[in-house]
Amino acid sequence: MDQTSHSSTLVGWREWVSLPDADIQWVKAKIDTGARSSSLHAHNIVEFERDGVPWVRFDVQPWQHAASEHITVERPIFDRREVRSSSGHTQKRLFVLLDVVLAGERVTAEVTLTNRSSMGFRMLIGREALRRGFIVNPAKSYFGERPSKTLRRRNRGR
């Protein structure tokens, strides 16, 4: 994991992030200091082996209201762990390592793959990724870069 500190990078309670390892330019994420790990909305999750190493293939829908658009991603499996959801249920989940660009800073995050279709955000950034020097202002949003207005409207289904 990337241990580089970014000193005091300010972020709001929600931010647009990029996932360069997954070739995803924009996805809206909720910043959640109450969650330990980060999570990403993924479906069609298939485990396989590549050169004797466990990998996973999954589809990501970065746009909230564009179900027909998805990006297929392949990553080595980093870990499997029990994760307790916000509703208190535990579930065994796969973890992958993904670089996340948040407010212009790139960090490596442990990301769980889960169905977030009923959630308001396709991604959640947890405190493990934030501990590298991010300060969260819960009263504000979008300190970092964001996509064009046209793309933001597309995320809202317009």
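**Entry 1. Asp 21 and its partners**

I looked up the pair Asp 21 and Arg 106 in this predicted model. Their side chains meet in a salt bridge, with N and O 3.8 Å apart. Asp 21 sits in the loop between strand 2 and strand 3, whereas Arg 106 belongs to strand 10, so the bridge ties together parts that are 85 residues apart in sequence.

I then checked which other residue Asp 21 pairs with, and found a salt bridge to Arg 75, the closest N and O atoms being 3.9 Å apart. Arg 75 lies in strand 7 (residues 71–76) and Asp 21 in the loop between strand 2 and strand 3, so this pair joins parts that are 54 residues apart in sequence.

I noted the distances against the rule: a salt bridge requires a side-chain nitrogen of Lys or Arg within 4 Å of a carboxyl oxygen of Asp or Glu. The value of 3.9 Å for Asp 21 and Arg 75 is therefore accepted, being within 4 Å.

**Entry 2. The network around Arg 106**

Which acidic residue besides Asp 21 does Arg 106 bridge to? I found Asp 99, with the closest N and O atoms 2.9 Å apart. Asp 21, Arg 75, Asp 99 and Arg 106 are thus recorded as linked in a network of salt bridges. For the protein, I recorded a count of nine salt bridges.

I asked whether the members are buried or partly exposed. Asp 99 has a relative accessible area of 15% and is buried, because buried means under 20%. Asp 21, at 30% relative accessibility, counts as partly exposed. Arg 106 is also partly exposed, at 41%.

**Entry 3. Ser 18**

I turned to Ser 18, which lies in strand 2. Its relative accessible area is 17%, so I entered Ser 18 as buried. A polar atom of the Ser 18 side chain lies 2.5 Å from the backbone oxygen of Gln 25. Setting aside neighbours within four places in sequence, I listed the contacts of Ser 18 as Ile 24, Gln 25, Trp 26, Asp 99, Val 100 and Val 101. The list includes Asp 99, a member of the salt-bridge network above.

**Entry 4. Glu 74**

I next examined Glu 74, a residue of strand 7. Glu 74 is partly exposed, with 29% relative accessibility. Which side chains does the Glu 74 side chain touch through polar atoms? I found a polar contact with the side chain of Arg 50 at 2.5 Å and another with the side chain of Arg 57 at 2.7 Å.

Beyond neighbours within four places in sequence, Glu 74 is in contact with Phe 48, Arg 50, Trp 55, Val 56 and Arg 57. I also took the C-alpha to C-alpha distance from Glu 74 to Asp 59, which is 8.9 Å for residues 15 apart in sequence.

**Entry 5. The nonpolar core**

I looked up the largest nonpolar core, which has 30 residues. Those touching the most other members are Leu 19, Leu 40, Phe 58, Val 100, Leu 102, Met 123 and Ile 125. Two or more core residues come from each of strand 2 (14–19), strand 3 (24–31), strand 6 (53–60), strand 9 (90–102), strand 10 (105–114), strand 11 (123–125) and helix 1 (127–130). Strand 9 gives the most, with five residues.

I followed Phe 58 further. Apart from neighbours within four places in sequence, its contacts are Leu 40, Ala 42, His 43, Asn 44, Ile 45, Ile 71, Thr 72, Val 73, Arg 75 and Leu 113. Among them is Arg 75, the residue that forms a salt bridge with Asp 21.

**Entry 6. A surface patch**

I found a nonpolar patch on the surface made of Leu 10, Ile 135 and Phe 143, with about 250 Å² of accessible area together. Leu 10 is found in strand 1 (residues 9–12). Its relative accessible area is 37%, so Leu 10 is partly exposed.

**Entry 7. The whole chain**

Finally, I recorded the overall description. The protein has two helices and twelve strands, in the order β-β-β-β-β-β-β-β-β-β-β-α-β-α along the sequence. Of its 158 residues, 46% count as buried. The accessible surface comes to about 8400 Å², and carbon and sulfur atoms account for 45% of it. Among contacts between residues at least 6 apart in sequence, I noted that 59% join residues at least 24 apart.

Technical notes
Residues are numbered from 1 along each chain as its sequence is written. This is a predicted model: local features need pLDDT of at least 70, side-chain atom pairs count only at pLDDT 80 or more; totals for chains, interfaces and linings use all residues. Side-chain values use heavy atoms; hydrogens and water are left out. Helices (H or I, at least four residues) and strands (E, at least two) are DSSP runs, numbered from the N terminus. Buried means under 20% relative accessible area, exposed over 50%, partly exposed in between (1.4 Å probe, protein chains only). Contact means heavy atoms within 4.5 Å. Accessible areas come from the Shrake-Rupley method with a 1.4 Å probe; for residues, only the protein chains shown count as cover. A nonpolar core is a set of buried Ala, Val, Leu, Ile, Met, Phe, Trp, Tyr and Cys residues joined through side-chain atoms within 4.5 Å. Patches are made of residues with over 30% relative accessible area and no salt bridge: like charges are joined within 9 Å, nonpolar side chains (Val, Leu, Ile, Met, Phe, Trp, Tyr) within 5 Å. A polar contact is a pair of N or O atoms within 3.5 Å; within protein, one must be able to donate a hydrogen and the other to accept it, and residues adjacent in sequence count only if both atoms are side-chain atoms.
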